[in-house]
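These are my notes on a structure I had not looked at before. I wrote the entries in the order in which I looked things up.

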Amino acid sequence: MFLAPAHPRAQARAASLDLAEHHGRTVSAAGLYISLVVIYGWFGGMKFTAYEAEGLTGLVGNSPLLSWSYSLFSVRDFSSLLGFLELSIGALIAARLVNPVYSLVGGLLSAGLFATTLSFMVTTPGVTVPELGFPAISVAAGQFLLKDIGLLALSLWIAVDSFTALRSTNA
């Protein structure tokens, strides 16, 4: 059976799609890692300011998980500890370039942090706007916290991606 050679344009298009798929996944993954590192760098750095420390009091003070921390630390000290944690998580995620075990730990810590902040949706007064009915949430607290669903998912993706990379290097 005689098969005619594929048209050169079709071959070039197929090669381009393969290249885009391969590099697109790599670029997308790098973008996801970098975006979370930038977020942690920015958020973590802000935790060392009085502005940010005071902004946390309504969230932390109403949380059964964290309100006790204000009996051990001042508002500024707690915020600074949180800033150190966030900067450390960002560094662990960035350390994926060194070893995926670091970003695995960073992704898991990040997921725990975002799960904790999502719990504030239930414990913080003023997150919902009852007079507007479901699904109305406030801009300041509600919408600010809602973004953490995506960041939690990204954190879990980073942990799984890092675990997969770790397993493939050990295989």
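**Entry 1: G58**

I began with a glycine and asked whether G58 is buried, exposed or partly exposed. G58 has a relative accessible area of 33%, so I put G58 down as partly exposed, since that class runs between 20% and 50%. The model is a predicted one, and I keep that in mind for every entry. G58 sits in helix α2. I also looked up how far G58 is from G106: the two are 48 residues apart in sequence, and their C-alpha atoms are 27 Å apart in space.

**Entry 2: the whole chain**

Next I stepped back to the protein chain. I found seven helices and zero strands. Written out along the sequence, the pattern is α-α-α-α-α-α-α.

I then looked up the overall dimensions. The C-alpha trace spans about 80 × 45 × 25 Å along its principal axes. The radius of gyration is 22 Å, whereas a compact globule of 171 residues would have one near 16 Å.

What part of the 171 residues is buried? I noted 30%. I also checked the contacts between residues at least 6 apart in sequence, and 69% of these join residues at least 24 apart.

**Entry 3: the largest pocket**

I turned to the pockets. The largest pocket holds about 680 Å³ of space. Its lining has 33 residues, and those closest to the centre of the pocket are K47, L56, L82, E86 and T117.

Which helices supply at least two residues each to this lining? I listed α1 (8-46), α2 (50-61), α4 (75-94), α5 (100-123) and α6 (139-146). The largest share comes from α2, with seven residues. I sorted the lining of the largest pocket by class and got 21 nonpolar, seven polar and five charged residues.

**Entry 4: T117**

T117 is one of the residues closest to the centre of the largest pocket, so I looked at T117 by itself. T117 is found in helix α5. Is T117 buried or exposed? The relative accessibility of T117 is 16%, and because buried means under 20%, I entered T117 as buried. I left aside neighbours within four places in sequence and found T117 in contact with L145 and D148.

**Entry 5: the second largest pocket**

I noted a volume of about 190 Å³ for the second largest pocket. The residues that line this pocket are A29, A30, Y33, I34, V37, I93, A94, R96 and L97. Two helices, α1 and α4, each supply at least two residues of the lining. The most comes from α1, with five residues. By class, I counted eight nonpolar, no polar and one charged residues in the lining of the second largest pocket.

**Entry 6: the nonpolar cores**

I looked up the largest nonpolar core, which has 14 residues. Which of its members touch the most other members? I wrote down L36, Y40, I93 and I158. The elements that give two or more residues to this core are α1, α2, α4, α5 and α7 (148-170). The most comes from α4, with four residues. There is also a second, separate core of five residues, and L59, V127, A141 and L145 are among them. I had already met L145 as a contact of T117. I93, for its part, had come up in the lining of the second largest pocket.

I then took Y40 from the largest core and listed what Y40 touches, not counting residues up to four places away in sequence. The list is G45, E86, L87, I89, G90, I93, S110, L113 and F114. Of these, E86 is also one of the residues closest to the centre of the largest pocket.

**Entry 7: a cis peptide bond**

Most peptide bonds are trans. I noted a cis peptide bond between F134 and P135, with omega about 10°. P135 lies in the loop between α5 and α6.

**Entry 8: S35**

My last entry is on S35, which lies in helix α1. S35 has a relative accessibility of 28%, so I recorded S35 as partly exposed. I compared positions for S35 and L85: they are 50 residues apart in sequence and 17 Å apart in space, C-alpha to C-alpha.

Methods
Residues numbered from 1 in each chain as written. Predicted model: local features only at pLDDT ≥ 70, side-chain atom pairs only at ≥ 80, totals over all residues. Heavy atoms only, no water. 1 Å grid on protein atoms, 1.4 Å probe; cavity = no way out; pocket = protein on both sides within 12 Å on 5 of 7 lines; lining within 4 Å. Points joined across faces, edges and corners; volume = space filled by probe spheres on them. Nonpolar A, V, L, I, M, F, W, Y, C, P; charged D, E, K, R; others polar. Buried < 20%, exposed > 50% of the residue type's maximum accessible area, 1.4 Å probe, protein only. Contact = heavy atoms within 4.5 Å. Core = buried A, V, L, I, M, F, W, Y, C linked by side-chain atoms within 4.5 Å. Rg over C-alpha atoms; globule rule 2.2 N^0.38 Å.
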